[in-house]
Amino acid sequence: MDLKEIRESKTGLNQKQFAKLIDVPYTTYRNYEKQVRQVPIDVLLKISNKTNTAIGEILEQQSSEEKNVSLELKQIIELVKKVHPEDLKKVYGYLLGLIDARS
């Protein structure tokens, strides 16, 4: 189960309500669920206590998603290696545009 599934199935609360329950800012908690930020141990303990979920179960989900990200990153790196050197600036510009669009 990921954090969202744990939150929804164990508490029925939305993100804002759950963030308040574990005493973290809403945007911070949202970033934990989106895997943008790593969950610190003190927050893991709060989530575990409030949802009656073993920390190992929460960490297991987090590490499996990190492995997926690593695999995707490796695949991207392999693709970039195949790009002609003259086109790397275009790829770089495209990536920067994607990042700016999400900011």
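S48 counts as buried because its relative accessibility is 13%, and the cut-off for buried is under 20%. This residue sits in helix α4, which covers residues 41-51. Who keeps S48 company? Once neighbours within four places in sequence are set aside, S48 is in contact with T53, A54, I55 and I58. Bear in mind that all of this comes from a predicted model.

Now to the start of the chain. Helix α1 spans residues 3-11, and L3, I6 and R7 are buried there. Looking down the axis of α1, you'd find these buried residues within an arc of 95°, so they line one face of the helix. The general helix geometry is handy here: with 3.6 residues a turn, residues three or four places apart point the same way. Right after α1 comes G12, which has a positive phi, near 75°.

Zooming out, what does the secondary structure of the chain come to? It's six helices and zero strands, so to speak an α-α-α-α-α-α run from the N terminus on.

Here are some whole-chain numbers:

| Property of the chain | Value |
|---|---|
| Buried residues | 22% of the 103 residues |
| Accessible surface | about 7700 Å² |
| Part of that surface belonging to carbon and sulfur atoms | 55% |
| Contacts joining residues at least 24 apart, among those between residues at least 6 apart in sequence | 46% |

S48 thus has a place among the buried residues, as do L3, I6 and R7 of α1.

How values were computed:
Residues are numbered from 1 along each chain as its sequence is written. This is a predicted model: local features need pLDDT of at least 70, side-chain atom pairs count only at pLDDT 80 or more; totals for chains, interfaces and linings use all residues. Side-chain values use heavy atoms; hydrogens and water are left out. Buried means under 20% relative accessible area, exposed over 50%, partly exposed in between (1.4 Å probe, protein chains only). Helices (H or I, at least four residues) and strands (E, at least two) are DSSP runs, numbered from the N terminus. The arc is that of the directions from the helix axis to the C-beta atoms. Contact means heavy atoms within 4.5 Å. Accessible areas come from the Shrake-Rupley method with a 1.4 Å probe; for residues, only the protein chains shown count as cover.
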